[in-house]
Amino acid sequence: MLKDTLRVVVEQAIVAAQADGTLPTFPMPDIQILRPKQADHGDYSCNVAMITAAAIRQATGEKVNPRQIAQAIVDHMTLGELIDSVELAGPGFINIHLATGWLQSQVATILAAGDAYGNLTQGEGQHWQVEYVSANPTGPIHYGGGRNAVLGDSLANVLEAAGYAVQREYYVNDGGTQFRLFVETLYARYMQALGHDVPIPEDGYQGAYMADYGRMLADAHGDRFAQMDRDAALAEIRPLGRAIVLDVLERELGALGVVFDNWFSEQSLHDSGLVEQSLNYLDERGELVRRDGAIWFAASRYPKNEKDEVVIRSNGQPTYFASDIAYHYDKFINRGFDKVVDVWGVDHQGHVPRMNAMMQAFGLDPDRLVILMHDLVKLVRDGKETRMSKRAGTLLSIGDVVEEVGADAVRFNLLMRAPESTIEFDLDLAVKEENDNPVHYVRYGHARISSIIDKAREKGFVIEPTVGRDDVALLAMLDHPSELALIRKLIELEEQLEIAIDKLSPHNLPHYALDLTKTFSGFYRDCLVVDVDHPEMSRARLYLTQATRTVLAKTLGLMGVSAPESM
């Protein structure tokens, strides 16, 4: 990364200053390369002099002015092709200005790398899992679940771009009470489809979609299950109902661009003996206690847990937390993931401390399990919050929202805020083909760039995918402030990836895409790109235009948003 290169330059300057006695010997501090708040303060800034002053005082007892330290570092910095100049500012900041020639050369670098531009290598050799959505398989996914899906899927994209091997997993909650009620409701709807007066369970699922599922079952199997004892029929219907609803979920999520590597069944934890195996593992480590006829996980031994948690009830039935234990035992101990990210709704935040305790009880670093919490989504139509389908008059599913506004609008809008923030999703704005609709603005920006390149071809320009050897010198013509501003924005991509990974949230990417599109618009306003009277200047600017298309398409792809060639 560029910031790593600059960090090395500063570190080498400190070593050189220590070698000639300009600076005393002290442990190398953590060198932070930052972006200054004001553009005229340089491309990057470094506060190492203030940190170093404290280190010197601790090591020698000598009080040194940070500006003196900064001056010593600046005097020993090797500028080379990357850095044009450095300067002191304030109490001891070192402001770094990148060389214009180096910036210009990055156009060729971007085009040579193509879709791989901006990728990082920090994740190489690490195997991560991102588990997301994971709703009960009892019907279509509520629109709020779309945020979980988009957040998890886009995060997986970002991690892969940083070199991590990532498995995308959906945890199918088919082992608890809610799925049992789903099966009992499906049986009732199936019987009703055959003309039998069988009531829906009191806590069953009332949605009209259940009647559709019941008719599907009746059409496929006739009265076969009606001839059976109810318990036997429920046992036969259970896997059929699961297959019906998983097919619905897979299609709805697929329409959103979300595809999983693995669908993991909660029921399989019980059927395979993993629940018993994982609890035995904890029992052998002294982490389970028995009282009141039940078996408890001794969570209260660990920080932020005020009470123990039941894992086996007094009736011998495992709790949902027992399934959680078995599931994560399988993730870490059996499957060996280096790190797991579970994407959960904010309503589950009370379960986080016991998951942390579980990791410690396993003898694992709790930081290997990240619970990424997200807040609610409020859908707004005609200026008012809505939960109902405009067409069907029923509760909105994510499939309804995708059908109404499109997958790109859903994904872009659900990524625009940090996970812990509530999102207001304006359905009316999402379908407007105007610049105040951010997803339209960015997608249209990509289409506009493509049309500029097409226009150049029509006027006789040969558009090469990379900068040819004979054209490298042309990039030196890109010295207009708007051209250099655009290049500076393009090379931010790797930093944006680093930010998304550091926060384990890609909510910065929509804003970067907007900024990049706006910066390109400024360039296109100020610089004539296709000019047959100045072919060399045009070729240079067309290379910059292609580089912008590469970076914008890459950013949209990380979000799972399409990059259209025309609109």
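These legends walk through several close-up views of one predicted model.

The model is predicted: local features need pLDDT of at least 70, side-chain atom pairs count only at pLDDT 80 or more, and totals for chains, interfaces and linings use all residues. Residues are numbered from 1 along each chain as its sequence is written, and side-chain values use heavy atoms, with hydrogens and water left out.

**View 1. The whole chain, with its 20 helices and 15 strands.** Helices (H or I, at least four residues) and strands (E, at least two) are DSSP runs, numbered from the N terminus. Along the principal axes, the C-alpha atoms fill a box of roughly 85 × 70 × 40 Å. The chain has 567 residues, and 53% of them count as buried; here buried means under 20% relative accessible area, exposed means over 50%, and partly exposed lies in between (1.4 Å probe, protein chains only). A contact means heavy atoms within 4.5 Å. Among contacts in the chain with a separation of 6 or more, 71% come from residues 24 or more positions apart. The chain exposes about 25400 Å², of which carbon and sulfur atoms supply 48%. Accessible areas come from the Shrake-Rupley method with a 1.4 Å probe, and for residues only the protein chains shown count as cover.

**View 2. Helix α2 and what covers it.** Look for residues 48–60, the 13 residues of α2. From first C-alpha to last, this helix reaches 18 Å, close to the 18 Å expected at 1.5 Å a residue; the expected span is 1.5 Å times one less than the number of residues. Which residues of α2 are buried? They are Val 48, Ala 49, Thr 52, Ala 53, Ala 55 and Ile 56. Their cover includes helices α1 (2–19) and α3 (66–75), along with strands β2 (44–46) and β4 (93–98). Just after α2 comes Gly 61, with a positive phi of about 80 degrees.

**View 3. A salt bridge within helix α7.** Side chains of opposite charge can pair when their charged atoms come close. A salt bridge is a side-chain nitrogen of Lys or Arg within 4 Å of a carboxyl oxygen of Asp or Glu, and the structure holds 32 of them. Here Arg 215 pairs with Asp 212, their closest N and O atoms being 2.4 Å apart. Both residues sit in α7 (residues 208–221), three residues apart, or about one turn of the helix. Arg 215 is partly exposed at 42% relative accessible area, and Asp 212 is partly exposed at 37%.

**View 4. The pair Arg 387 and Glu 385.** These two side chains meet in a salt bridge at 3.4 Å, N to O. Arg 387 is partly exposed, with 48% relative accessibility. Glu 385 is also partly exposed, at 40%.

**View 5. Neighbours in sequence, Arg 525 and Asp 526.** The side chains of this pair form a salt bridge at 2.8 Å, N to O. Arg 525 is exposed, with a relative accessible area of 64%, whereas Asp 526 is partly exposed at 33%. Elsewhere, salt bridges that share partners join Asp 153, Glu 160, Arg 168 and Arg 411 into one network.

**View 6. Two buried cysteines, Cys 46 and Cys 527.** Cys 46 has a relative accessible area of 0%. For Cys 527, the relative accessibility is 1%. How many disulfides does the structure hold? The count is zero, where a disulfide is a pair of cysteine sulfur atoms within 2.5 Å.
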